[in-house]
Amino acid sequence: MVDGSVRFLARPKNSPDETSGLCAHSLKTAHRAKELAKSLGLEHTAFYAGLLHDIGKLNPWYQIFFSDNRIDSKYLQAHAIFSALAVNNLFSKDILSKRAQKQVLFAVAGHHSKLTQFTKSLVYIDHDKTRFDESHKGTYNNLDLFRQEVSDCEEFKELDWYKCFDNFLDVPQNETVFQAGNDFVSDFLDFSSVFSVLIQADRGSFFEWIQPAFDINLDTGVMVRTGSFLSDVRMSFQEYLLSENSFQDNLVILKAPTGIGKTKLFLDIVNKISSTQQFERVFYFSPLLALTDDFESKLFSTGKNVSVLNQADAEKVLTYNHAFTGNLLKKKQSKDQGLLFDDEVDDPEFLKTQEYFERESFNKQLIITTTQRLLMVLYSNKPADKEKLVSFKNSFLIIDEVQTVPKFLLPNFIALLKVIAQKYNSRILLVSATIPHELESLPKLKTSDAIEKEYLQMTIKKIDYRDDALDVSKEVALLREDERTLFMFNTRRKALAFFEQLSILKPDALYLSSGIKKRDRSETIQKSLQGRNPVTVVSTQVLEAGVDVSFSRMYREIAPLDNIVQAMGRLNREGERSDPLLTVFRVDNNYRPYSELEVGEAKKLLPNLHSSIDLYEKLPVYYKTVSDENQTYKNLVKDLCYKMKQLDFESVWDFIEEKALPDELGDSLLVPHIEEYDEIRRQLLSTDSNKGRGKLKQYAEFMAQLPGSIGKNDHLKSLLDEDLFAKGVLLPKKEFIAEVYDPKMGLDKWVKKD
């Protein structure tokens, strides 16, 4: 006996809670998992996943360490694999169906690594065969003792212990891959759900936590902007939408023109639906950090007397992205005070707290995050991502700018959302100014054609297409002195080449790209672009969406039509000009970073489009052509479906990561202000090397993206701090900051040397 009647432990015996015993921890996790999965119809499956997930800690390595804080090198530190070997033999068909048994098996095998077919989880055994065999035999010897310990426990009585004893030492070698049924999307979600429930139940078993119930007060009245040329038509659009829709569909599209006031619309819809239906959570997903930042700023600002949220409710809001993770109040207060926030990530004790668990499991009332994160939760097989999935149940999901999801992925993405809406009892709102052909069959919220037509007429833009590159001197000569002009290019190389020519003629011209660190971009936008003062800007797509700025004249390199619509949202945003003009031009025949088909179809249509209204009218034809003719997209759809049918969770995620998530265009480099340099360097050096890169999100405002890999530029590498470089952190030496980072072009000064 280790401690009284408890022979076997799940945690060190001096743990501060009552669940150090393996039996107690298993029961607590099982009942919590059952509760989480009850509404999904997976409660019995989830219960057994929770009950058996840690039975592999009968491995002597753990029992020795937990009782004596001693490591016995004779044994292998691993338990999920031994839990899975037990699970593989503990069930009869009377307890769970074959499919449910596999759901338990895969979840248990992967809860500390990744969701995968059981046989794939056995691959690493041969890497340390001697110690594996010792642990395998030691676990086997402890199984019967554990059976005796739990013999009076009803929850364990239906398990087939003797079948397990007979077969436990036989490691399956050629088990047939288990496949999904005819409804493979639903099967894929069920396997993922059991995995998600197990992770939440296990990690949350050390706290007395409850699932949230959305009760945030959203005072949208403070968002009404009076006095604007467009304020009346915006209010009419919003009022019609709210009065003419019952919001009964679980999955629905809102088609809303760019600049119509979508944030207020979202929040008004949340208020209306939550008055009759109790949600656990509300999610806002957007494809850009600029959009999430804008959403947050409209929700809550500590520097104003009026706010959509009060301070208490701001603490119920989780902002979750690669730049910051934590509650909205903390983020705003830290930012207002100029502090470097999110210090908790370096505190090992914080990782053990209920606060950390709740934010990593999305157990907050309102979560503001990215579309990329949504794809990770849906398709990734990693525990940290899948942990969040079950938090979508009984919730309201708003997916903004849904047209940015790769078109080949949309059929599968929508199929998965339909199953989530049904099984998870969730409401899902897809939002876009343009509706891709793949979404046309979905129900749409009623909007007024007359009001939308009036709005589009009031914000009409003229369109001019040029099938050649711009002549800088000619364009500058045509610019009026009161003009606010934006030149937008598809790549940093093209933008920089134009800017260098332009700045000779207009030395006060501004340059923006991802090569400019976020803090500098924000300051430029706030000080120089917001307002009505004349300005000339050259940029990449960093100004295409999610930035509340308005220009009177815009030049946009040819791109897919929906990207051009997005960019058009920065032109005459408040309808104050009578003659706004968008010139679409072609620099060369390079269609990157877009698809050749989409750019080619845009090129066919643009010569005959003379206004923004013409462009909106042609979008359905454009989308249908792209959908019908893109054989590459169709092949990708088939490939993904095949992987999901095989329940090949690993290959599904590899596919999504490669085909659907943004490419890393270059390394991120840290460029702090001189007065903050020493403290930042000190903090980074004091961080464990394996956490160095993870800590960088604390300094997201100082990050800029190089135009290529650091490995391609030996001179630049010589200017970086060697000690931090060894940790995977790119920081210029203090004396070389001015040489590395140009005040106008940022890191894009290295484009020419890339």
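1. F65 is partly exposed in this predicted model, with a relative accessible area of 25%. Its ring pairs with that of W61 in a stacked arrangement, the centres being 5.3 Å apart and the planes 25° from each other. Both residues belong to helix α3 (residues 60–68), where a separation of 4 residues places them about one turn of the helix apart. W61, in contrast to the partly exposed F65, counts as buried at 6% relative accessibility. The angle of 25° falls under the 30 degrees required for a stacked pair.

2. A second aromatic pair has another geometry. The ring centres of F285 and F392 lie 6.0 Å apart with the planes at 85°, so this pair is edge-to-face. The two residues come from distant parts of the chain: F285 is in strand β2 (residues 281–286), whereas F392 is in the loop between α17 (383–386) and β6, a separation of 107 residues. F285 is buried, its relative accessible area being 0%, and F392 is likewise buried at 0%.

3. Across the whole structure, a search yields 37 aromatic pairs. One aromatic cluster is formed by F8, F146, F156, W161, Y162 and F165.

4. Aromatic rings also take part in contacts with charged side chains. The charged end of R553 sits over the ring of Y555, at 4.1 Å from the ring centre. In the contact of K517 with Y741, the charged end of the lysine sits over the ring at 5.4 Å from its centre.

5. Turning to charge pairs, the structure contains 56 salt bridges under the rule applied. One of them joins K262 and E401, whose closest N and O atoms are 2.9 Å apart. This pair links distant parts of the chain, with K262 in helix α11 (residues 262–274) and E401 in the loop between β6 (395–399) and α18 (410–423), 139 residues apart. Both K262 and E401 are buried.

6. E483 and R577 form a further salt bridge, with 3.7 Å between the closest N and O atoms. E483 lies in the loop between α20 (472–478) and β9 (484–488), and R577 in the loop between α23 (561–568) and β13 (581–585), so the salt bridge ties together parts that are 94 residues apart in sequence. E483 is buried, with a relative accessible area of 9%. R577 is partly exposed at 21%, because the buried class requires a value under 20%.

7. The salt bridge between R681 and D723 has its closest N and O atoms 3.7 Å apart. Here the distant parts are two helices: R681 is in α28 (residues 674–685) and D723 in α30 (residues 722–725), 42 residues apart. R681 counts as partly exposed at 25% relative accessibility, and D723 is also partly exposed, with a relative accessible area of 49%. Elsewhere, salt bridges with shared partners join R480, D482, E483, R577 and D579 into one network.

8. On confidence, the mean pLDDT of the chain is 89, and 93% of its residues reach 70 or more. Confidence is highest in helix α2 (residues 43–52), at 98, and lowest in helix α14 (residues 328–336), where the mean is 75.

Technical notes
Residues are numbered from 1 along each chain as its sequence is written. This is a predicted model: local features need pLDDT of at least 70, side-chain atom pairs count only at pLDDT 80 or more; totals for chains, interfaces and linings use all residues. Side-chain values use heavy atoms; hydrogens and water are left out. A salt bridge is a side-chain nitrogen of Lys or Arg within 4 Å of a carboxyl oxygen of Asp or Glu. Buried means under 20% relative accessible area, exposed over 50%, partly exposed in between (1.4 Å probe, protein chains only). pLDDT is the predictor's confidence in each residue, from 0 to 100. Rings of Phe, Tyr and Trp (its six-membered ring) pair if their centres lie within 6.5 Å; planes under 30 degrees apart count as stacked, over 60 as edge-to-face and the rest as tilted. A charge sits over a ring if NZ of Lys or CZ of Arg is within 6 Å of the ring centre and within 35 degrees of the ring normal.
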